[in-house]
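Here is a short set of exercises to work through with the structure open beside you. Try each task yourself before reading its solution.

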Amino acid sequence: MFSLKDKVAIITGGASGIGLAMSQTFAQAGARVHILELNAGLAQQVADEINASGGRAHAHAVDVSNQAQVVEVINQIAAGGPISILINNAGISHIGTVETTTEADFDRVFTVNVKGAYNCLHATIPHLKATGGGVVLNMASIAATVGIPDRFAYSMTKGAVVSMTLSVAKDYLKHNIRCNCISPARVHTPFVDGFLAKNYPGQEAEMFSKLAATQPIGRMAKPAEVAGLALYLCSDEAGFITGCDYPIDGGFVRLNN
Ligand code: NAD
């Protein structure tokens, strides 16, 4: 296993789904994990479980779209020692075409998925610079580069995350800061379960199978599989990798023909 011994990792949305798997995997790899979460109760529960099993984790109640909250908590974490890793994972979905997406929907998805990542970068990069560098990992999606039906606003936000990754990677090469992103296809998380419960009540199992069948590999990814890639990209072994967007998609982008 790649080691993150004594690294300090900030993981937004780190209490559920992919973020939860990353919090657990990073703690197992030796990192001190700071979970920045809207769901403060769940974050505390996850941190307690990690600490009970010998890891080191802290829960922080934060809405990443609120810049003042983000600045306060990141400055507080930095005061305790150098930050090594920032993972911008918190995100929300939205179902809709350009016609059915309201202004409020548009603003909400951009405020969390794009401004939230910007807020965390804006607050963290000065600390990474001041302490000799670090790693940033952003959670994009294949929706950034492949047409996915009914994901007008969501797809645009993930396109922005890919662009944000390139911009940060370029600007901070000289400060020893690497920045990459991951683009999953379907990952079986509460994100997917919530979507099915809301949009297909009573047909969740059938629709789950249909969604899984759209992946060339025949199933959805497990959160731990995404966390494994994240662990590698944030480890010192990935020291030559920056400015990249990694698909983890069961062949969805290149083999779906
Ligand atoms: P999830 O809903 O299981 O977890 C997301 C977490 O983010 C939740 O714990 C939630 O409380 C937190 N969160 C939401 N808004 C927040 C805010 N404003 N401030 C702080 N925390 C907030 O979702 P997931 O499936 O694990 O997705 C994680 C990321 O991966 C998202 O960015 C999502 O777009 C991306 N992604 C997911 C899939 C998938 O199929 N699940 C595919 C591609 C990309």
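**Exercise 1. Find out how strand β5 is joined to β6, and what links the two along the chain.**

Step 1. Begin with the pairing: β5 (residues 134-139) and β6 run parallel and are joined by 6 bridges. Keep in mind as you inspect them that this is a predicted model.

Step 2. Pick one place to look at the register. Leu137 stands opposite Asn180 in β6.

Step 3. Now follow the connection. Together, β5, α5 and β6 form a β-α-β unit, and its hand is right.

**Exercise 2. Decide whether the two sides of strand β6 are buried or exposed, and identify its partner β7.**

Step 1. Sort the side chains by direction. Ile177, Cys179, Cys181 and Ser183 point one way, while Arg178, Asn180, Ile182 and Pro184 point the other way.

Step 2. Apply the cut-off for burial, which is under 20% relative accessible area. Every one of these residues is buried, and the count for β6 (residues 177-184) is 8 of 8.

Step 3. Turn to the partner. β6 pairs with strand β7 (residues 245-248) in the parallel sense, over 4 bridges. For a residue to click on, take Pro184, whose bridge partner in β7 is Ile248.

**Exercise 3. Trace the pairings of strand β4 and describe its two faces.**

Step 1. Look at the faces. Ile85 and Ile87 lie on one side of β4 (residues 85-88), Leu86 and Asn88 on the other, and all four are buried.

Step 2. Check the pairing with β1. The two strands are parallel, with 3 bridges between them, and Ala9 stands opposite Ile85 in β4.

Step 3. Check the pairing with β5. Here too the sense is parallel, over 4 bridges, and Asn88 has Asn138 in β5 as its bridge partner.

Step 4. Follow the chain onward. From β4 it passes through helix α4 (residues 103-130) to β5 in a right-handed β-α-β crossover.

**Exercise 4. Locate Glu37 in its strand, then work out how the ligand is held by polar contacts and how much of the ligand is covered.**

Step 1. Place the residue. Strand β2 (residues 32-37) runs parallel to strand β3 (residues 56-61), with 6 bridges joining them. Glu37 stands opposite Ala61 in β3.

Step 2. Add the connection. β2, helix α2 (residues 40-52) and β3 make up a right-handed β-α-β unit.

Step 3. Go to the ligand. Of the 28 residues around the ligand, those that come nearest are Ser16, Glu37, Asn89, Tyr154 and Thr189.

Step 4. Read off polar distances, with 3.5 Å as the cut-off for a contact. A polar side-chain atom of Glu37 is 2.4 Å from a ligand oxygen. For Tyr154, an N or O atom in the side chain is 2.6 Å from an oxygen atom of the ligand. Val187 uses a polar backbone atom, 2.8 Å from an oxygen atom of the ligand.

Step 5. Finish with the cover. On its own the ligand has 830 Å² of accessible area, and the protein covers 92% of that.

**Exercise 5. Work out which elements supply the shell around the ligand, and what classes of residue it holds.**

Step 1. List the elements that give two or more residues: α1 (17-28), α5 (152-171) and α6 (190-199).

Step 2. Find the leading one. α6 contributes the most to the shell, with 3 residues.

Step 3. Count by class. The shell has 16 nonpolar, 8 polar and 4 charged residues.

**Exercise 6. Examine the positive phi angles of Asp6 and Asp150, and classify the accessibility of each residue.**

Step 1. Start with Asp6, which is not a glycine yet has a positive phi of about 65°. Asp6 sits in the segment before β1 (8-12).

Step 2. Classify Asp6. Its relative accessibility is 53%, so Asp6 counts as exposed, the cut-off being over 50%.

Step 3. Move to Asp150, whose phi is also positive, near 60°. Asp150 belongs to the loop between β5 and α5.

Step 4. Classify Asp150. Its relative accessibility is 39%, and therefore Asp150 counts as partly exposed.

Methods:
Residues numbered from 1 in each chain as written. Predicted model: local features only at pLDDT ≥ 70, side-chain atom pairs only at ≥ 80, totals over all residues. Heavy atoms only, no water. Near = heavy atom within 4 Å. Polar contact = N/O pair within 3.5 Å; in protein donor to acceptor, adjacent residues only side chain to side chain. Areas by Shrake-Rupley, 256 points an atom, 1.4 Å probe, with all protein chains shown as cover. Nonpolar A, V, L, I, M, F, W, Y, C, P; charged D, E, K, R; others polar. Buried < 20%, exposed > 50% of the residue type's maximum accessible area, 1.4 Å probe, protein only. Pairing = 2+ DSSP bridges. Right-handed = clockwise from strand over helix to strand, strands pointing away.
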